[in-house]
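Thanks for making time this morning. I would like to walk you through one structure, starting with the whole chain and then moving to a few places within it.

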Amino acid sequence: MLFSIYIGELSDANFKACLKASKEIIADYTKWYGEPDELITGNQKYVDPYKKKHWGYDVLEARWKNVNGEKMKVEFTFLGGKGEYQFLVVINHFHKDYPYYE
């Protein structure tokens, strides 16, 4: 299962909305499935790429490695490169034996 949303309108408000939504999803998953096996915190501040150049960055990611036979991941990433930028929020569910997730 995969859910993703891309937001191409860059602003501090949209960044904060994506971060808030990601944290709320992680909180819901934590209630339902327990604490994540990994919580990876990146840069949680909006960096305007037109004021300070960057290639995007990881913002927040939570991983569950085996819940009811599934691996699950919730992540928020600031995608960037070649002058194109987007905010990306993703929820992934994989079979626990899926080899390309770690």
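**Charges, rings and contacts in one chain**

Let me begin with the charges: the chain carries 14 positive and 15 negative charges, and the mean positions of these two groups are 5 Å apart. Please keep in mind throughout that what you are looking at is a predicted model.

As for the overall layout, the secondary structure comes to one helix and five strands, and if you follow the chain from the N terminus, the elements run β-α-β-β-β-β. Taken along the principal axes, the C-alpha atoms fill a box of roughly 45 × 25 × 20 Å. The chain has 102 residues, of which 39% count as buried, and it exposes about 6,400 Å², with carbon and sulfur atoms supplying 52% of that area. If we take the contacts in the chain with a separation of 6 or more, 59% of them are accounted for by residues 24 or more positions apart.

Now to the aromatic rings. How many aromatic pairs does the structure hold? The count is 17 aromatic pairs, and I will show you two of them. In one, phenylalanine 76 and phenylalanine 87 meet edge-to-face, at 6.1 Å centre to centre and with 75 degrees between the planes. This pair links distant parts of the chain, since phenylalanine 76 sits in strand β4, residues 70–81, and phenylalanine 87 in strand β5, residues 84–95, with their positions 11 residues apart. Both phenylalanine 76 and phenylalanine 87 are buried. In the other pair, phenylalanine 94 and tyrosine 98 are stacked, at 4.7 Å centre to centre and with 10 degrees between the planes. Here the partners are classed separately: phenylalanine 94 has a relative accessible area of 16% and is therefore buried, while tyrosine 98, at 35%, is partly exposed.

Ring pairs also build a cluster, which is made up of Phe15, Tyr46, Tyr50, Tyr57, Phe76, Phe78, Tyr85 and Phe87. I would like to stay with one member, phenylalanine 15, which is found in helix α1. Is phenylalanine 15 buried or exposed? Its relative accessibility is 1%, so phenylalanine 15 counts as buried. Leaving aside neighbours within four places in sequence, phenylalanine 15 is in contact with Asn43, Gln44, Lys45, Tyr46, Tyr57, Val59, Phe76, Phe78 and Phe87. Phenylalanine 15 and leucine 88 are 73 residues apart in sequence, and their C-alpha atoms are 9.8 Å apart in space.

Helix α1, which covers residues 12–33, also contains threonine 30. A polar atom of the threonine 30 side chain lies 2.8 Å from the backbone oxygen of isoleucine 26. Once the neighbours within four places in sequence are set aside, threonine 30 is in contact with Glu35, Pro36 and Trp64.

Finally, let us go to strand β5, where asparagine 92 is found. Asparagine 92 has a relative accessible area of 10%, and because buried means under 20%, this residue is counted as buried. Which residues is asparagine 92 in contact with, leaving aside its neighbours within four places in sequence? They are Met1, Leu2, Lys71, Met72, Lys73 and Glu75.

Key. Residues numbered from 1 in each chain as written. Predicted model: local features only at pLDDT ≥ 70, side-chain atom pairs only at ≥ 80, totals over all residues. Heavy atoms only, no water. Helix = DSSP H or I, 4+ residues; strand = E, 2+ residues; numbered from the N terminus. Polar contact = N/O pair within 3.5 Å; in protein donor to acceptor, adjacent residues only side chain to side chain. Contact = heavy atoms within 4.5 Å. Buried < 20%, exposed > 50% of the residue type's maximum accessible area, 1.4 Å probe, protein only. Areas by Shrake-Rupley, 256 points an atom, 1.4 Å probe, with all protein chains shown as cover. Lys, Arg positive; Asp, Glu negative; His and termini not counted. Charge placed at Lys NZ, Arg CZ, Asp CG, Glu CD. Phe/Tyr/Trp six-rings, centres within 6.5 Å; stacked < 30°, edge-to-face > 60°.
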